[in-house]
Amino acid sequence: MSLKATDTADAADDYLERRTLRRGSAGWVLLTGLGVAYVVSGDFSGWNLGLAEGGFGGLAIATVLMGTMYACMVFALAELSAILPTAGGGYGFARRALGPWGGFLTGTAILIEYVLAPAAIVIFIGDYVESLGLFGLESGWPVYLACFAIFIGIHLWGVGEALIASFVVTGIAVLALIVFALGALPDFSVSGLDDIPVDTTAFGASSWLPMGLLGIWAAFPFGMWFFLGVEGVPLAAEETRDPARTLPKAIRWSMAVLVVLAVITFFAAAGARGSNAIQAAGNPLVEALQPNGEATALSRFVNYAGLAGLVASFFSLIYAGSRQLFALSRAGYLPRVLSLTSGRKAPYLGLLVPGTIGFALAAATGDGGRMLNIAVFGATISYALMSLSHIVLRRREPGLERPYRTPGGVLTSSVALVLACSALVATFLVDVTAAFIALGVYAVAAAYFGFYSRKHLVAKAPEEEFAALAAAEAELARD
């Protein structure tokens, strides 16, 4: 028996009018900047912890495989976003392909990623503020509160202004990565890449794979840090000019920029100081520029720019989380009040509620690493479901109008699906507690949907209308 959306909330003519985003606020350049902003903080820190799991060779192979997963997935998302350019993003794609349950599970996984990641990053921002001695502040809840208040305030001001601010900060961070690579080049040595001591008991261990072959798999989540979040570009669909053309272009360019940044950052940092020296560093780029522990003008610049990178990702991930929550709420999957928009067309509760949760988690735990691991777990689930959605729609609706088509078709999305499932399993190798916490949150959300919200969906929400149209066309075809 199929699930049917209800029209209870639609009876009021102004239901969707009170839940409208500002149209045409962004072109492909701003969206490319948004895609890079989601991710750029991962270039400054976090990825290097994968050296402790797999060594240089293990992390390098993991990064190539995860980069392949993201490349294949963003090509699939480019096609899907051109078909269904709404704020629902991955939820909307899965809703059409996999039904209400598939849509809800995908949207919830994305929401877990985009609520937990800002909570983790704000802790790292606090650490940077303290280490740099800015205003004499120490890392703690006052800094976290200030970050959430300031950046949510900018988003409430308007999406156009928010994206421009994000673009500027991201540009500073990208420039710093290029300057870092050039500055580290004179000290680059191939011998520093594989200087981590070898675990002789590990199967397949060598200087390039000091933890053996299993280390490659364990390094998957850290290889993802160079790209984690780029899939959020389609969430800006309803605020984009000509989304069917703009979104695929922005997604592809974002991924291209991130690949270049990943390569130069990875090789420059490991080669300048040695993999062993930076594998546990909280600030690996600065560590790579200070072989004697003494700060230089270049290392100070990179240190401050690292803060800019964290701010860029924090700022943009708040945006992504609010749009995913907005879309799920507008369609009735979550409480509908969360999708109300202000006079400036900003989903104010969609910004304030996740921000409050993120602040509370950061202030209560102070464990940014654990929250990032939970976010990665949610992300890998969503990647698998979005890739599967592309495969299902290609098989079931081959005649669907596709302004952009994924190169390689279902083969491309199948590669993404297999690698996403592998990355999901790898999260248990790194932090089994984080994986089970994410599963617990997932179970509570699924119970809410199963017992309540699936019976109260909003038929006029764009993603629901799109799915209903598909069902009607299929029924006519059978008749």
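The following legends describe close-up views of a predicted model.

**View 1. The salt bridge between glutamate 79 and arginine 402 joins distant parts of the chain.** The closest N and O atoms of glutamate 79 and arginine 402 are 2.9 Å apart. Glutamate 79 belongs to helix α3 (residues 49–83), whereas arginine 402 sits in the loop between α14 (368–396) and α15 (410–430), a separation of 323 residues. Glutamate 79 counts as buried because its relative accessibility, 1%, is under 20%. Arginine 402 is likewise buried, with a relative accessible area of 8%. A network of salt bridges links Glu79 and Arg402 with Arg394. The model has 7 salt bridges.

**View 2. Threonine 406 lies in the loop between α14 and α15.** With a relative accessible area of 4%, threonine 406 is buried. When residues up to four places away in sequence are set aside, threonine 406 touches Phe75, Ala76, Glu79, His390, Arg394 and Thr412. Among these contacts of threonine 406 are Glu79 and Arg394, both of which take part in a salt-bridge network with Arg402.

**View 3. Arginine 273 and glutamate 287 form a salt bridge.** Their closest N and O atoms are 2.9 Å apart. Arginine 273 is in helix α9 (residues 243–273) and glutamate 287 in helix α11 (residues 284–289), with their positions 14 residues apart in the numbering. Arginine 273 is partly exposed, at 26% relative accessibility. Glutamate 287 is also partly exposed, at 28%.

**View 4. Arginine 245 and aspartate 242 are paired in a salt bridge.** The closest N and O atoms of this pair are 3.2 Å apart. Arginine 245 counts as exposed because its relative accessible area of 63% is over 50%. Aspartate 242 has a relative accessible area of 41% and is partly exposed.

**View 5. Trp47, Tyr70 and Tyr383 touch the most other members of the largest nonpolar core.** This core comprises 153 residues. Helix α4 (residues 90–132) supplies its largest share, 21 residues. Apart from neighbours within four places in sequence, tyrosine 383 is in contact with Met69, Tyr70, Met73, Glu113, Met224, Leu228, Gly229, Glu231 and Ala420. The contacts of tyrosine 383 thus include Tyr70, itself named with Trp47 and Tyr383 for touching the most other core members.

**View 6. The largest cavity has a volume of about 180 Å³.** The structure holds 4 cavities of 30 Å³ or more. Lining the largest cavity are 16 residues, with Ser41, Gly42, Ile121, Leu228 and Leu372 nearest its centre. Two or more lining residues come from each of α1 (28–39), α2 (41–44), α4 and α12 (297–330). The greatest contribution is that of α4, with 4 residues. The lining divides into 10 nonpolar, 5 polar and 1 charged residues. Leu228, listed among those nearest the centre, is also one of the contacts of tyrosine 383.

**View 7. The second largest cavity has a volume of about 80 Å³.** Its lining consists of Tyr114, Val115, Pro118, Phe148, Leu317, Ile318, Gly321, Ser322, Gly350, Leu351, Pro354 and Gly355. The elements giving two or more residues to this lining are α4, α12 and α13 (348–365). Of the lining residues of the second largest cavity, 8 are nonpolar and 4 polar, with no charged residue.

How values were computed
Residues numbered from 1 in each chain as written. Predicted model: local features only at pLDDT ≥ 70, side-chain atom pairs only at ≥ 80, totals over all residues. Heavy atoms only, no water. Salt bridge = Lys/Arg side-chain N within 4 Å of Asp/Glu carboxyl O. Buried < 20%, exposed > 50% of the residue type's maximum accessible area, 1.4 Å probe, protein only. Core = buried A, V, L, I, M, F, W, Y, C linked by side-chain atoms within 4.5 Å. Contact = heavy atoms within 4.5 Å. 1 Å grid on protein atoms, 1.4 Å probe; cavity = no way out; pocket = protein on both sides within 12 Å on 5 of 7 lines; lining within 4 Å. Points joined across faces, edges and corners; volume = space filled by probe spheres on them. Nonpolar A, V, L, I, M, F, W, Y, C, P; charged D, E, K, R; others polar.
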